[in-house]
Structures are given as C-alpha cells and as structure tokens.
Amino acid sequence: MADREVVFLTREVNIVTIPDGNHGTLSKGQEVTIHQALGSNYTVVTDYGHMVRIAGIDADALGKETQHLQTLVSETDRRAVEQNCWEVMKTVYDPEIPVNIVDLGLVYHCSASPNASGGNDVHIQMTLTAPGCGMGPVIQSDVEKCVRALPGVSSVDVEVVLDPPWSREMMSEVAQVQLGLF
C-alpha cells in the first residue's frame, strides 16, 4: 500500500500490538492510519503513534471488505490439501514486513497425512525472523487458523523451529526484489 489511508473506526475492535504481541482493543471513532493491508490483516498506526494489527475479520470496522482467497482447489486428498495449505500461508504476513511468510522463507515444511476419519492431519514447520520475535505466537496462530479452516483438514500442528536459523538468503527472489535487497 503506497498511500497511507486515515480512517475512523466504525466500532470497537480487538488488536495485537506490534512488536510485542500483546492483545488489546481500540474504541469506536478512534483515528488510525492504515500502514499495511496485505493478506487478511491490517497493520495500522494509532493517533498515539502505536503500531497495531487488526484482523481481517474486523475489516468492516475500517470500512473495508473481508478478503476471500480464490486460488484454492476443492479436492480434499493429501496433495490438494498440501497445495491449499501453501496457498493460504501466502496470505499470512509479518505485520512489520510487506512480504508473506512463504516468500520470506519462514515456512520450512508442510505435509498432510490422511487419517482414519477421512480427513488430513497437517504438520507445518516454520521459523521466525528472530528467535525472540514478540509476534511469533501471533504469526503461528494465524497459520494454524487459516490452515484449520481448509476443507479436508482434521488437525493442524504448527511447530516453530529455530534450527536452521532464518537468514535473508532464505527469501525468494520476489521477496528480495520487494524489499530492495536484490
């Protein structure tokens, strides 16, 4: 988002403060500036200068519409579920970096295993840009929620690993270009 947009919240919303990951609320009528609108969440700056994240389900409070992913396949076999997992993980962003976590190189592994109930158990290994990242649990939860909502998924295990440690060489070329590093 090149231009910053100032909006007044139309209702109270839950927020996550950046970078510490604490939860709170903003009041109806509060002025915020939309800093980043990527994936399904919004990074905004309050009139007090605090950077916070507003979940996509609360887009209406910003006068926006909830985004829906159009690239998912309808099948629920193992391969289709894995493909859908990768697609929805591309909608998860670090709220401070305008690159999705897949292109950022934070997702190391994703696999689906058929289970006895006819669904799939999904296991994901991911890392963080820094071991003490306050937003780590929030990003991990975002991944779990978006994958759990997919058809054919029975359970999700999102494991945060710190070995190997993340480095900028893990980013895709697209991400490096987006960030002016290539």
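# Close-up views of a predicted model

**View 1. E96 sits in the loop between α1 and β7.** This is a predicted model. E96 has a relative accessibility of 44%, so the residue counts as partly exposed. Setting aside neighbours within four places in sequence, E96 touches I18, P19 and M51. T76 is 20 residues away from E96 in sequence. In space, the C-alpha atoms of E96 and T76 are 33 Å apart.

**View 2. E75 belongs to the loop between β6 (51-54) and α1.** Its relative accessibility is 44%, so E75 is classed as partly exposed. Beyond the neighbours within four places in sequence, E75 is in contact with A80 and N84. What separates E75 from P151, in sequence and in space? The two are 76 residues apart along the chain, but 8.0 Å apart from C-alpha to C-alpha.

**View 3. Three strands form an open sheet in the order β7-β8-β9.** The pairing in this sheet is mixed. Which strands stand at the edges? They are β7 (107-114) and β9 (153-160). Each has a single partner strand, so one side of each is left without a neighbour in the sheet. On average, neighbouring strands are turned by 15° against each other, direction ignored.

**View 4. β7 and β8 form an antiparallel pair.** Strand β8 covers residues 120-126, and seven bridges link it to β7. H109 stands opposite Q125 of β8. V107 has M126 in β8 as its bridge partner. The two strands make a hairpin with five residues between them. There, G118 takes a positive phi near 95°.

**View 5. β8 and β9 run parallel.** Seven bridges join these two strands. I124 is one residue to look for here: its bridge partner in β9 is V158.

**View 6. The side chains of β8 alternate between two faces.** In a regular strand, side chains alternate between the two faces of the sheet. Which residues of β8 are buried? N120, V122, I124 and M126 are buried and point to one face. D121, H123 and Q125 point to the other face and are not buried.

**View 7. S111 is a residue of strand β7.** Is S111 buried or exposed? With a relative accessibility of 19%, it counts as buried, because the limit for that class is under 20%. The side chains of S111 and H109 are joined by a polar contact of 3.2 Å. Apart from neighbours within four places in sequence, S111 is in contact with E82, D121, V122 and H123.

**View 8. Helix α1 (residues 78-89) lies across β7, β8 and β9.** The helix runs at about 145° to β7. A second helix, α2 (residues 136-148), also packs on the sheet. Helix α2 touches β8 and β9. The direction of α2 makes about 160° with that of β9.

**View 9. The largest nonpolar core has 33 residues.** Which residues have the most contacts inside this core? They are C85, M89, V122, I124, V143 and V147. Five elements, α1, β7, β8, α2 and β9, give two or more residues to the core. Helix α2 supplies the largest share, five residues. V122 can serve as a guide to the surroundings. Leaving out neighbours within four places in sequence, V122 is in contact with V81, C85, C110, S111, A112, V147, V153, S155, V156 and D157. Elsewhere, a second, separate core holds 14 residues, including I15, L26, Y42 and V44.

**View 10. A UniProt feature covers residues 83-158.** The unreviewed entry names this feature "domain: MIP18 family-like". How much of this stretch is helix, and how much is strand? Over residues 83-158 the chain is 26% helix and 28% strand. The end C-alpha atoms of the stretch are 16 Å apart.

Terms used: Residues are numbered from 1 along each chain as its sequence is written. This is a predicted model: local features need pLDDT of at least 70, side-chain atom pairs count only at pLDDT 80 or more; totals for chains, interfaces and linings use all residues. Side-chain values use heavy atoms; hydrogens and water are left out. Two strands pair if DSSP finds at least two bridges between them. Helices (H or I, at least four residues) and strands (E, at least two) are DSSP runs, numbered from the N terminus. Axes are lines fitted to C-alpha atoms, for helices over the stretch in contact, and angles run from 0 to 180 degrees between N-to-C directions. Contact means heavy atoms within 4.5 Å. UniProt positions are given in the numbering used here, feature names are shortened, and annotations may be inferred rather than shown by experiment. Buried means under 20% relative accessible area, exposed over 50%, partly exposed in between (1.4 Å probe, protein chains only). A polar contact is a pair of N or O atoms within 3.5 Å; within protein, one must be able to donate a hydrogen and the other to accept it, and residues adjacent in sequence count only if both atoms are side-chain atoms. A nonpolar core is a set of buried Ala, Val, Leu, Ile, Met, Phe, Trp, Tyr and Cys residues joined through side-chain atoms within 4.5 Å.
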